[in-house]
Amino acid sequence: MSVLNLKDITKKYGELAAVDGISLDMERGKVLSLLGPSGCGKTTTLRIIAGFTSPDTGTVEIAGKDVGHLRPYERNVGLLFQDYALFPHMTVAENVAYGMRHRGTPTSEITTRVLRMLSLVQLTGMEARRPHQLSGGQQQRVALARALAIDPQILLLDEPLSALDAKLRLELRLELKEILRSVGATTIVVTHDQEEALTLGDEVVVMNAGKIAQRGTPTQIYEAPADKFVAEFVGRSNWFHASKRSQSTDGLTSYVADDGLEIRTRASRPDSEGGVDLCVRPEDIELVDGTAPESAPSPEHNVLAGVVLDVAPLGADVHVVIELPGKSRLLAIRKNVGRGSEILPGQSVRALFSASDVLVFQR
Ligand SMILES: Nc1ncnc2c1ncn2[C@@H]1O[C@H](COP(=O)(O)OP(=O)(O)OP(=O)(O)O)[C@@H](O)[C@H]1O
Ligand SMILES: [Mg+2]
């Protein structure tokens, strides 16, 4: 049975539909990432589930019961707000204990659990401090501890890691994943960081302008994006706009991009006025020396000649920007395998990618 079921939820502010007909169900113990650009309705969706905002239409069911008439504290939902909203006059320990006290948990149990929660978020020893004596990241971790402390039926985390610096954010992300797994909390975690969404979620829901653009496993979202918005929003991508399509042979379709480049694809779309957008992921592009005799690994491969504009070694990956004839640019990401594989700006290269790695979207 699903632990959470949203049916056709809509919320308007004036003319603007902040949430526009969302339906969503969730199984117990799963972690769902809600990913989307600023203003797409993520926080509004969480507030509706938690009972802080009432929807104009639609229903919220928790464990099979319509909770529309229940106040937030009656819903057994743990919410970590985007601005974490700690009680400023209370100590860290009192903040974490707040929800448990409200629910009449025995004092001895509260004390033990507060200490355990604080150790979970690496804040042991800070029990007596007040929020203004903590950094932003520390405050956010207190808020996480507070949300987890009540052992909620559904845990809603709104940008739980956004106030942390990059290193701590990465550490806490893994910790958060372990914590969620170990307590088996049914969780929706909101983020506009795609890497965070793909790492934390068993499933990812991508939102765009109040609607669900796609729901799927991280792999499905990345490898089979439902539309151009999802393809562009998740992962890096190279785009070609093509308006003409030539006859297909061997199950391949050739498109001629606006800059004259011919690109072969496995997928095809019917011709339309607006043409199509072709997308190639940078890690699907292989680079070879442009001075070597030309040979494509197979007829299925696209070969584009260009000149290296920029090489950026970013840890495990190297980002190579290539200028193609017609001045369009292509980003290729290769593994940083160390010495002997350097590519230098100014060098001529050929970019190879398979027709099956080209995604085709209708304009
Ligand atoms: N109380 C409100 N009154 C009027 N408009 C609102 C209100 N709350 C949200 N909105 C609008 O609804 C839209 C969705 O807001 P929401 O806070 O849900 O976005 P979000 O996806 O959480 O964005 P972010 O990533 O920036 O936090 C925005 O355009 C916002 O301005
Ligand atoms: Mg928000």
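Here is a short conversation about a predicted model, its ligand 1 and some of its helices.

Visitor: What should I know before we start?
Guide: Local features need pLDDT of at least 70, side-chain atom pairs count only at pLDDT 80 or more, and totals for chains, interfaces and linings use all residues. Residues are numbered from 1 along each chain as its sequence is written, chains are lettered from A and ligands numbered from 1 in the order in which they are written, and side-chain values use heavy atoms, without hydrogens and water.

Visitor: What makes a residue part of the shell around ligand 1?
Guide: One of its heavy atoms must lie within 4 Å of the ligand. There are 13 residues around ligand 1, and S38, G39, K42, T43 and T44 come nearest.

Visitor: How do you know that S38 makes a polar contact with ligand 1?
Guide: A polar contact is a pair of N or O atoms within 3.5 Å. An N or O atom in the S38 side chain is 2.5 Å from an oxygen atom of ligand 1. That pair qualifies. K42 has a polar side-chain atom 2.8 Å from a ligand oxygen. C40 uses a backbone N or O atom, at 3.2 Å.

Visitor: Which helix gives the most to the shell?
Guide: α1, with 3 residues. Helices here are DSSP runs of H or I, at least four residues, and strands are runs of E, at least two, numbered from the N terminus.

Visitor: Why are α2 and α4 called roughly parallel?
Guide: Their axes, lines fitted to C-alpha atoms over the stretch in contact, have angles from 0 to 180 degrees between N-to-C directions. The α2 and α4 axes come within 7 Å and cross at roughly 25°. Angles under 35 degrees count as roughly parallel, over 145 as roughly antiparallel, 65 to 115 as roughly perpendicular and the rest as oblique. So α2 is roughly parallel to α4.

Visitor: What makes α2 and α3 oblique?
Guide: Their axes come within 10 Å and cross at roughly 125°. That angle falls in the rest, so the pair is oblique.

Key:
A polar contact is a pair of N or O atoms within 3.5 Å; within protein, one must be able to donate a hydrogen and the other to accept it, and residues adjacent in sequence count only if both atoms are side-chain atoms.
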